[in-house]
Amino acid sequence: MSLADDPHQEGDLEWRDAQWLVRTLPVFEGLDRPLLDALANAIEWFALPGGQTLFDAGDPPDGLYFVVSGSLGAYTPAPQHGSRRLVGRAMTGETVGEMALISGNPRTATVIALRDTELGRLPRTAFEELMLSHPQGLLRISQLMVRRLESSQRQVRGRRAVPRTFAVVPNEADAGATTFAAQLTTELERLGRTELVWSQRGADHTSQWFHAIERANEFVVYVCDPGPTNWSKLCLRQADAILLLAKANSATKQWTQLAVAEPAGANQRTELILQHEGAIVRGRSSGWLDLKPGIPHHHIRSSSDIARVARLLSGRALGVVLSGGGARGFAHIGVLRAMREANIVIDAIGGTSIGAIIAAGFAMQWSDEELTSRVRRSFVDTNPLNDYTLPFVSLVSGRKVSRLLQREFEAMAIEDVPLPFFCVSSNLTSGQLAVHRRGELWRWLRASVAIPGVLPPVIHCGELFVDGATINNLPVEVMREAGIGRIIGVDVGSDRAFTSASPDSDAPPFWKLFEWFRGRKQRVNILQILWRAGMINSAGNRAARHELSDLLLQPPLEQIDMLNWRAFDRAIEAGYRYTSERLKTWDRGESQRVAPLVE
């Protein structure tokens with residue numbers, strides 16, 4: 001649909017400086033001025049309401065499209081009959097349709113407006129004429145397309161585009177939506193120019209005014225009315241992301257404003273904001289998440305929590321992922337202590353095996369002293385793996401580990417943890433990695449450390465879960481898929497886990513017995529063998545996971561055995577010293593140059 005097709009839209013778009021817009025589009029970066037002017041004269045500008053289809057999979061390529069404001073979603077058919085899968089988003093300043101236009105092949109995806117979107121269209125005939133008359137333009141655009149394709153192939157599946165406009169949707173009239181939106185605006189201002197718009201300010205304006213506001217700012221925060229009004233409908237149409245606001249202790253109920261949302265609203269990024277009066281009341285998060293299962297949620301207790309939400313929403317946050325590695329995992333405590341001393345704010349954290357346990361303590365916002373004390377009490381002062389049993393399923397019963405985890409984490413649910421947190425385990429039933437963001441914290445930590453053959457699996461709904469390191473010992477991609485800006489991966493399991501200088505396995509039994517008592521040779525035992533064997537599958541993809549980390553930390557731990565719990569202090573010190581030195585030369589980025597740095 002061009003302006004010629006709908007003349008009523010021309011008034012809303014006549015303010016547009018076509019030459020300026022073309023110059024700001026990344027795809028045309030570096031082209032000479034005559035070609036840019038020719039492109040500006042050939043482009044058709046139009047608006048596409050939220051929920052409307054731009055083109056369907058299988059359509060012939062008719063042109064190159066530019067997103068001026070708003071966002072588009074690309075969909076391909078999903079394996080389930082009649083369903084489709086969101087495979088990508090195009091935000092302001094990005095293009096769609098270039099690959100098909102150059103190749104001449106039919107469209108491979110259906111593209112739909114996720115919200116009210118303004119677009120430019122360079123018709124295919126105009127594109128071909130311009131490229132033939134300006135060969136350097138075709139070469140330049142082709143180079144850009146190849147670079148974009150290479151970049152997309154390097155990106156992890158599910159990486160989310162950064163939203164620029166947000167709609168705050170209160171669950172009730174006294175939810176404090178305007179106050180929260182104002183605080184969120186203040187925090188987003190630290191990251192880029194931000195505008196706050198509420199009904200009294202924007203209700204009487206035309207779409208031209210809203211597009212101008214969005215063009216002039218990096219972020220715009222809209223505040224919906226408490227009910228399903230026309231203003232609420234407009235806010236939802238303008239939003240790249242919907243923030244469902246509720247008082248955590250209030251009775252759970254749906255957001256009535258969503259009843260007026262356009263069909264595209266189902267595809268918009270949606271997150272839950274739970275406000276607390278002081279400490280988080282355990283058990284309250286679950287009911288709200290049951291209303292909107294599968295969406296991220298955030299706990300708000302103070303301004304520092306709002307600052308974290310701003311960084312998470314804008315893709316400027318910092319996430320940390322901790323690997324498994326047995327007793328070597330104690331080094332994670334030193335790594336986290338070094339980060340705190342360097343005033344690095346961690347906005348989200350996750351891990352597997354021993355890394356999951358230490359990450360959970362950090363997400364609970366335990367101090368360095370409390371984290372050290374609790375881990376020492378459970379893993380050093382007592383041996384968690386000495387409740388041996390008949391080896392029908394495992395060498396140890398696992399009851400001792402369960403008791404220790406219940407003592408430290410009590411009845412805490414993952415969804416009630418103050419800091420965004422996840423842990424992973426390996427689902428033996430499905431053969432896939434299981435990511436845990438809800439449920440009993442101690443239980444899923446117990447699953448995450450259930451070394452096959454050493455600890456019995458955790459059985460849930462008829463499925464068996466074991467140590468996450470069996471499939472993925474450094475689940476950086478889980479954090480990446482959550483849209484975190486920068487990620488620090490801490491791998492304490494990459495060094496050679498153990499070697500043996502004992503005689504060959506077919507040596508005479510008497511000689512092996514002699515060597516055992518002499519004690520001068522390094523020996524391996526069944527616990528070490530089972531532990532390491534359970535991580536072999538994960539080791540094969542280690543290099544790819546390392547590449548997903550913006551900063552990879554690998555403390556030198558070769559001299560620490562995975563089952564040497566007594567190396568507790570030595571491992572912590574090694575992690576601390578190594579990380580302190582690495583952080584001196586690391587550029588933490590703009591996302592970490594915001595105050596307050598220490599929460």
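## The four-stranded antiparallel sheet

In this predicted model, four strands form an open sheet in the order 2-7-4-5, with antiparallel pairing. Strand 2 (53-55) and strand 5 (84-90) stand at the edges; each has a single partner strand, so one side of each is left without a neighbour in the sheet. On average, neighbouring strands of this sheet are turned by 35 degrees against each other, direction ignored.

Within this sheet, strand 4 (residues 72-77) and strand 7 (residues 110-113) are paired in the antiparallel sense through four bridges. At the residue level, Tyr75 has Thr110 of strand 7 as its bridge partner.

## The six-stranded parallel sheet

Another open sheet consists of six strands with parallel pairing, in the order 10-11-9-12-13-14. Its edge strands are strand 10 (194-197) and strand 14, each of which pairs on one side only. From one strand to the next, the twist averages 20 degrees.

Two helices pack on this sheet. Helix 11 (residues 284-291) touches strand 12, strand 13 and strand 14, and its direction makes about 155 degrees with that of strand 13. Helix 12 (residues 303-313) touches strand 9, strand 12, strand 13 and strand 14; the direction of helix 12 makes about 155 degrees with that of strand 14.

## Strand 9 and its partners

How many residues of strand 9 (residues 165-170) are buried? The strand is mostly covered, with six of its six residues buried. This burial extends to both faces: Thr165, Ala167 and Val169 are buried on one side, and Phe166, Val168 and Pro170 are buried on the other.

Strand 9 runs parallel to strand 11 (residues 219-223) and is joined to that strand by four bridges. Strand 9 also runs parallel to strand 12 (residues 241-247), to which five bridges join it. Phe166 takes part in both pairings: this residue stands opposite Val221 in strand 11, and its bridge partner in strand 12 is Ala241. Pro170, in turn, has Leu245 as its bridge partner in strand 12.

## The second largest pocket

The second largest pocket has a volume of about 750 Å³. Its lining comprises 32 residues, of which Ile295, Pro296, His297, Arg437 and Ala482 lie nearest the centre of the pocket. By class, the lining has 18 nonpolar, six polar and eight charged residues.

Which secondary-structure elements each supply at least two residues of this lining? They are strand 13 (269-275), strand 14 (297-300), strand 16 (348-352), strand 17 (421-427) and helix 18 (476-481). Strand 13 and strand 14 also belong to the six-stranded sheet, and strand 14 is one of the edge strands there. Both strands are touched by helix 11 and by helix 12.

## The protein as a whole

The protein contains 23 helices and 22 strands. Of its 599 residues, 54% count as buried. Among contacts between residues at least 6 apart in sequence, 77% join residues at least 24 apart.

The pairing of strand 9 illustrates such links across the sequence: Phe166 stands opposite Val221 in strand 11, while Pro170 has Leu245 of strand 12 as its bridge partner.

Conventions. Residues numbered from 1 in each chain as written. Predicted model: local features only at pLDDT ≥ 70, side-chain atom pairs only at ≥ 80, totals over all residues. Heavy atoms only, no water. Pairing = 2+ DSSP bridges. Axes fitted to C-alpha atoms, helices over the stretch in contact; angles between N-to-C directions. 1 Å grid on protein atoms, 1.4 Å probe; cavity = no way out; pocket = protein on both sides within 12 Å on 5 of 7 lines; lining within 4 Å. Points joined across faces, edges and corners; volume = space filled by probe spheres on them. Nonpolar A, V, L, I, M, F, W, Y, C, P; charged D, E, K, R; others polar. Buried < 20%, exposed > 50% of the residue type's maximum accessible area, 1.4 Å probe, protein only. Contact = heavy atoms within 4.5 Å.
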